[in-house]
Amino acid sequence: MKRTTPHRPRYGLTSRTRRTLTSALVIAAVTAGAALTGVPSAVANAPDTTVTVDVSQTGKAPTHAGAGFLYGLNQDGSGPSDALLQPLAPTLFRGGGARLAGGGWIGDGYSAGSGYRVRINSAVAQARRVTTAPYNGRYDLLVSDLYGADTTQPSNTVYPCDNGDCSNWKAFIDQVVGDVKASGVNVAYDIWNEPDGTGFWQRGVNSAQYYQMWDTAVTEIRRLSPSATIVGPSYSGYNHSWLDGFIGQTKADNTLPNVLNWHFGNDPAADGADAASIVAAHGLSPMPLSINEYLFGNQQTAGYAAWFLDRLAVSNIGAAAHAIWSDCCVAGTLDSVLGGTGNLASPTGQWWAYRAYASLTGHLVSATSGNAAVAVAASADQNAGQADVLIGNNSGQTGTTTVTVQGLGSTPWLTAGSTVHATLMRIPDNTPLSQPITVSDADVTVNNGRISLPATFQSGTDAFWLVLSPHGVAITGPGGPGGGQIYVDGNEIGTANDQWQYDANWGETSGVSDMYAGTANWSHTAGATATFRFTGTQVALHAVRDVDQGIMTVSIDGGAPTSIDNYASSRNASGVVWTSPTLAAGSHTLTVVNAGTKNSASSGINIAIDRVDVTTSSAPSQTIVDGNVTGSGANQFQYDANWGLTTGVSDMYLGTANWSHLAGATATFRFTGTQVALHAVHDVDQGIMTVAIDGGAAVTVDNYASARNASGIAWTSPTLAAGSHTVTIVNTGNRNSASSGINIAIDRADVTP
């Protein structure tokens with residue numbers, strides 16, 4: 001018998017952490033007495049391991065089965081935006097208006113009133129968006145949530161077929177099917193969520209009353225809509241005996257579902273194989289299988305999500321949906337896959353794991369791991385000219401995983417002679433995460449048909465994404481990597497879009513450790529010219545600044561050139577030296593010329609190009625950084641000991657506020673860009689702070705307001721030279737005479753590149 005997953009907490013409850021002024025405390029949220037078991041503990045200093053991919057051993061086409069979401073959309077289905085949703089290639093959505101005001105059918109006195117109507121309208125709107133192009137996904141309609149059994153139902157709820165009376169339940173099913181048919185949308189009917197005593201159903205798992213309820217619903221749905229898809233039983237975990245009993249009984253009653261499903265489980269590949277064996281043992285033809293909730297709250301990390309997606313890729317599961325724990329039920333965040341909501345929504349580490357999973361196209365190829373804690377799935381797509389590898393981690397694995405790709409001798413379309421371009425990215429579990437961290441991006445020599453690369457887990461929640469191609473490809477996110485940008489190395493050479501051309505007066509050096517992809521394209525000859533063609537709305541040029549660098553000119557589309565002095569007293573090999581103005585969306589050409597002149601302090605007229613960042617036409621112009629993204633790096637805040645953190649603040653970005661009520665409390669924010677806007681609370685108890693940029697004169701900002709505005713802009717910097725900057729925020733201890741306090745509460749920062 002398979003292990004039964006314990007009952008899970010109610011929708012939307014999760015664990016939180018809190019930083020206080022006196023100590024760092026972890027507060028565990030106790031939800032319905034439920035414990036999350038079956039989650040491996042973190043492994044510290046784990047041993048090194050290996051994964052092996054053979055691109056010559058091809059198999060089935062990827063199904064993207066794991067790209068599904070339970071209650072991931074907003075109420076009318078319009079959010080999140082296509083720019084954030086389409087790159088994930090979603091295939092399954094699941095909902096039914098849980099937690100919407102009114103209580104559903106139950107709240108209306110077991111009739112179709114306003115409480116029911118708001119839920120069915122929401123579900124139909126969501127289904128209308130995602131079951132049509134460009135998604136063409138499946139929408140599982142949670143019938144029990146329309147009924148009102150979403151764990152908020154009253155204790156005196158009348159459950160379907162109580163005391164043997166199924167008449168009202170039958171009337172309810174007739175109403176649901178009639179409304180769905182009238183809408184013209186296509187849904188799959190998920191009759192009852194977790195009918196095993198988790199708060200959704202209180203009448204016994206696989207009880208006589210459960211089968212009476214199930215059989216009544218199936219009979220009515222098929223009477224009214226004979227071609228409808230029915231899914232079930234939606235148990236709260238994988239349980240061999242429960243499924244065996246369910247299949248046996250519904251086979252006997254002639255009420256088998258069209259899709260057999262369950263939630264969670266330890267390993268989808270193993271559970272799917274076991275479920276198939278149960279179906280076969282009952283003499284039935286193979287049934288489609290679905291896991292319509294997976295990932296417990298503490299498993300929702302980039303690494304664990306990638307591990308589960310990898311196991312789904314090689315399983316016989318046809319569809320699966322990411323569970324919901326923190327954002328039930330109409331936030332439109334795909335439950336923590338996005339940080340923020342609406343216009344403030346941004347990718348996270350989990351989002352990038354799903355983005356990498358969506359890149360598995362063409363055919364799956366052989367992929368094995370030397371450690372069960374590290375899973376790998378890979379594909380090769382000759383039409384796309386690339387192969388992709390996703391590596392996940394379900395137990396806090398650290399150390400180095402050696403990634404070996406073999407079979408390259410049998411895939412000449414993937415190589416450029418004796419090399420293959422390998423882009424290895426680490427996906428940290430960050431919120432937000434504008435782009436994965438590039439570990440290496442270079443042409444790698446193929447030896448005996450194989451290459452090997454080290455992937456070092458900096459954290460047990462990391463995932464990795466490896467992309468192979470002959471000459472390199474742009475890694476795109478929501479409109480491009482980094483929230484609307486593509487990063488093109490100076491050594492991407494050719495006449496096509498997003499490629500460089502150099503005249504004969506340029507050279508190239510590789511293995512430069514402090515430059516993007518380790519390459520520098522350089523010139524020390526006056527008049528040496530380089531051009532870069534791109535499509536977008538803006539371009540930023542990265543070049544070396546050092547003691548021997550000269551002056552260059554840059555121009556766009558043949559316009560007036562701008563002189564850029566690359567001399568610096570200390571080396572910065574990859575900083576932004578020039579950013580174009582915002583351009584009309586379309587094709588453009590950047591021209592760089594070595595002027596042959598230099599700053600009097602420079603020892604040479606060298607020019608060395610690192611890379612460019614291209615903003616696409618759909619790109620957001622800013623990077624949004626929550627005030628709780630802390631550390632000493634770029635786009636991170638640091639707070640002294642006089643600050644606290646509050647979570648769950650509904651009117652603030654990502655629900656967090658970093659606050660102080662002590663004079664002299666200091667916070668710093670380091671960023672790379674040309675401008676920053678600081679968002680802070682304005683309210684009746686807020687005080688006066690000072691803000692300074694790069695150690696300059698401090699500006700006084702009064703955060704008092706007669707009406708609360710929790711996330712408005714409190715201060716915006718002037719336009720700055722492109723590069724690294726630091727904002728310093730100090731609580732002055734002073735206040736407006738109308739204010740009741742000297743509190744300062746930071747929401748977030750918006751960084752303009």
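What percentage of the 753 residues in the chain is buried? Buried residues, defined by a relative accessible area under 20% (over 50% being exposed and values in between partly exposed, with a 1.4 Å probe and protein chains only), make up 56% of the chain. The structure is a predicted model, in which local features require pLDDT of at least 70 and side-chain atom pairs count only at pLDDT 80 or more, while totals for chains, interfaces and linings use all residues. Residues are numbered from 1 along each chain as its sequence is written, and side-chain values use heavy atoms, with hydrogens and water left out.

Eleven helices and 43 strands are assigned to the chain; these are DSSP runs numbered from the N terminus, helices being H or I of at least four residues and strands E of at least two. The radius of gyration is 28 Å, which agrees with the value near 27 Å that a compact globule of 753 residues would have. This radius is taken over C-alpha atoms, and the globule rule is 2.2 Å times the number of residues to the power 0.38. Along the principal axes, the C-alpha atoms fill a box of roughly 95 × 75 × 50 Å.

Contacts, meaning heavy atoms within 4.5 Å, were examined by sequence separation. Of those with a separation of 6 or more, 76% are accounted for by residues 24 or more positions apart. The exposed surface amounts to about 27500 Å², of which carbon and sulfur atoms supply 50%; the area comes from the Shrake-Rupley method with a 1.4 Å probe. The chain carries 34 positive and 53 negative charges, whose mean positions are 6 Å apart. Lys and Arg count as positive and Asp and Glu as negative, whereas His and the chain ends are not counted; each charge is placed at NZ of Lys, CZ of Arg, CG of Asp or CD of Glu.

A search of the whole structure yields 37 aromatic pairs. Rings of Phe, Tyr and Trp (its six-membered ring) form a pair if their centres lie within 6.5 Å, and planes under 30 degrees apart count as stacked, over 60 as edge-to-face and the rest as tilted. The ring centres of Y159 and W201 are 5.8 Å apart and their planes stand at 85 degrees, so this pair is edge-to-face. The pair links distant parts of the chain, 42 residues apart: Y159 lies in the loop between α4 (143–147) and α5 (167–183), and W201 in the loop between β7 (188–190) and α6 (208–224). Both Y159 and W201 are buried.

Most residues other than glycine have a negative phi, and most peptide bonds are trans. A cis peptide bond, with omega of about 5 degrees, joins A133 and P134; P134 is located in the loop between α3 (114–130) and β6 (138–142). The bond from C328 to C329 is also cis, with omega near 10 degrees, and C329 belongs to the loop between β11 (319–322) and β12 (338–339). The loop between β11 and β12 also holds L334, a residue with a positive phi near 55 degrees. L334 is buried, with a relative accessible area of 0%. N163 has a positive phi of about 55 degrees and lies in the loop between α4 and α5. In contrast to L334, which is buried, N163 is exposed, with a relative accessible area of 82%.
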